[in-house]
Amino acid sequence: MEFLTNDKLVIVGAAGMIGSNMAQTAAMMHLTPNICLYDTYAPGLEGVAEEMYHCGFEGLNLTYTSDLKEAFKDAAYIVSSGGAARKAGMTREDLLRGNAGIAEQLGKDIKAYCPDVKHVVVVFNPADITGLVTLIYSGLKPSQVSTLAALDSTRLRSELAKYLHIPADEIKNSRTYGGHGEQMAVFASTTTVAGQPLSQIIGTKALPEQEWEQMKQRVIQGGKNIIDLRGRSSFQSPAYLSIEMIAAAMGGKSFDWPVGAYVDNGEFNHIMMAMETTLDKNGVTVHNVAGTPEEHKALEQSYHHLCKLRDEVISLGIIPPIDKWHDINPNL
């Protein structure tokens, strides 16, 4: 059996729905034979491992442990969904205090037990903040930590495909940027529909302006809609996309969607947010976002919203003031 790498992949939060789906997806994609499942909930973790063994995967050296030091030893790649789940009636921001604290510990554990890790993907919400906190305390380079943000862009593609009654593959470069939450910036100018710019379709009979505005709201509320329909938060889509991200970092196919990345470019500073990016074996590279003046204004508003969340985490004492970050992580 041929694998992408033999390096150790650790899935944090593996007893949960996202984590268990990530484990199965990673095995099915033949990323590495060396997958370690970690969760503090030992019975559930063992259950996931047993299910994985029952799949009969060839060549897979699957291990599991509730001992964090054992899990992180020699880890080359980590994907973490190990935060509290979003429940009905909650916004992502409602999770801020608890999950930021979990991210702090994740970063400290990376620094303590696997400082040579190559790449970390943070999935648990609010991912822009949890990814930033993880980066600060891990001591890693900004290129080595990314967060799941693609889900908003794939939801935009899905909404367009459903409304226009065309295959999703005919919709190219659908993009949302900024925060992974209610303040995201939904772009139209980047997208083409069957080769035609989406911006030329909006306002026509095919897609009236009012329908486009409603569609943007459906994208923004995409996570809430899954909760309403299924009675629980998304797990299949974040699991798949996050494993595609780690596959790219391992040297597989470059990840084609935006990811959450650390930005400090003079315009957007000291923040983790969705940008146009390249994610490959070199890690995350951030590119400038092209858009209309109105879209860029929406992106600026999203950035300022994230800054408020970041400053709230600073006020809670979970991370220090920005001018002290370099003392903890010399790469910042």
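The structure holds 12 salt bridges, a salt bridge being a side-chain nitrogen of Lys or Arg within 4 Å of a carboxyl oxygen of Asp or Glu. The model is predicted, so local features need pLDDT of at least 70 and side-chain atom pairs count only at pLDDT 80 or more, while totals for chains, interfaces and linings use all residues. Residues are numbered from 1 along each chain as its sequence is written, and side-chain values use heavy atoms, with hydrogens and water left out.

A good place to start is with the charged pairs themselves. Side chains of opposite charge can pair when their charged atoms come close. One of the pairs joins the side chains of R155 and D152, at 3.9 Å from N to O. Both residues belong to helix α6, where they sit 3 residues apart, about one turn of the helix; helices here are DSSP runs of H or I with at least four residues, strands are runs of E with at least two, and both are numbered from the N terminus. R155 is buried, with a relative accessible area of 13%, and D152 is buried too, at 1%. For these labels, buried means under 20% relative accessible area, exposed over 50%, and partly exposed in between, using a 1.4 Å probe and protein chains only.

Another pair is found in helix α9, where the side chains of K224 and D228 meet in a salt bridge of 2.9 Å, N to O. K224 and D228 are 4 residues apart in this helix, about one turn, and K224 counts as partly exposed at 39% relative accessibility. The side chains of K253 and D256 also form a salt bridge, with an N to O distance of 2.6 Å. Here K253 counts as exposed at 61% relative accessibility, whereas D256, at 49%, counts as partly exposed. Beyond these pairs, E159, K162 and R218 are linked in a network of salt bridges.

Helix α9 deserves a second look, this time for its covered side. The helix spans residues 222–230, and its buried residues are G222, G223 and I227. Seen down the axis of α9, these buried residues fall within an arc of 145°, so they line one face of the helix; the arc is that of the directions from the helix axis to the C-beta atoms. What covers them includes α6 (150–164) and α8 (209–220), where contact means heavy atoms within 4.5 Å. Just after α9, G231 takes a positive phi of about 80°.

Helix α8 contains M215, which is buried with a relative accessible area of 0%. Leaving aside neighbours within four places in sequence, M215 is in contact with E159, L160, Y163 and L207. M215 and Y163 are 52 residues apart in sequence, yet their C-alpha atoms are 8.8 Å apart in space.

The nonpolar interior comes next. In soluble globular proteins, nonpolar side chains tend to be buried together. A nonpolar core is taken as a set of buried Ala, Val, Leu, Ile, Met, Phe, Trp, Tyr and Cys residues joined through side-chain atoms within 4.5 Å. The largest such core has 48 residues, of which V10, F72, I78, I110, M273 and I319 touch the most other members. Helix α11 (residues 293–315) gives the most to this core, with 7 residues. The contacts of I78, leaving aside neighbours within four places in sequence, are L9, V10, V12, F72, I110, C114, V117, H119, V120, V121 and I246. A second, separate core of 40 residues includes A23, A239, A261 and V284.

A261 also appears in strand β12 (residues 259–263), which is mostly covered, with 5 of its 5 residues buried. V259, A261 and V263 point one way from β12, while G260 and Y262 point the other way. Strand β12 is joined by 5 bridges to β13 (residues 271–280), and the two run antiparallel; strands count as paired if DSSP finds at least two bridges between them. Within this pairing, G260 stands opposite A274 in β13.

Elsewhere, an open sheet of 3 strands has the order β7-β10-β11, with antiparallel pairing. Its edges are β7 (171–172) and β11 (196–197), each with a single partner strand, so one side of each is left without a neighbour in the sheet. Strand β10 (residues 192–193) is joined to β11 by 2 bridges, and V193 stands opposite Q196 in β11.
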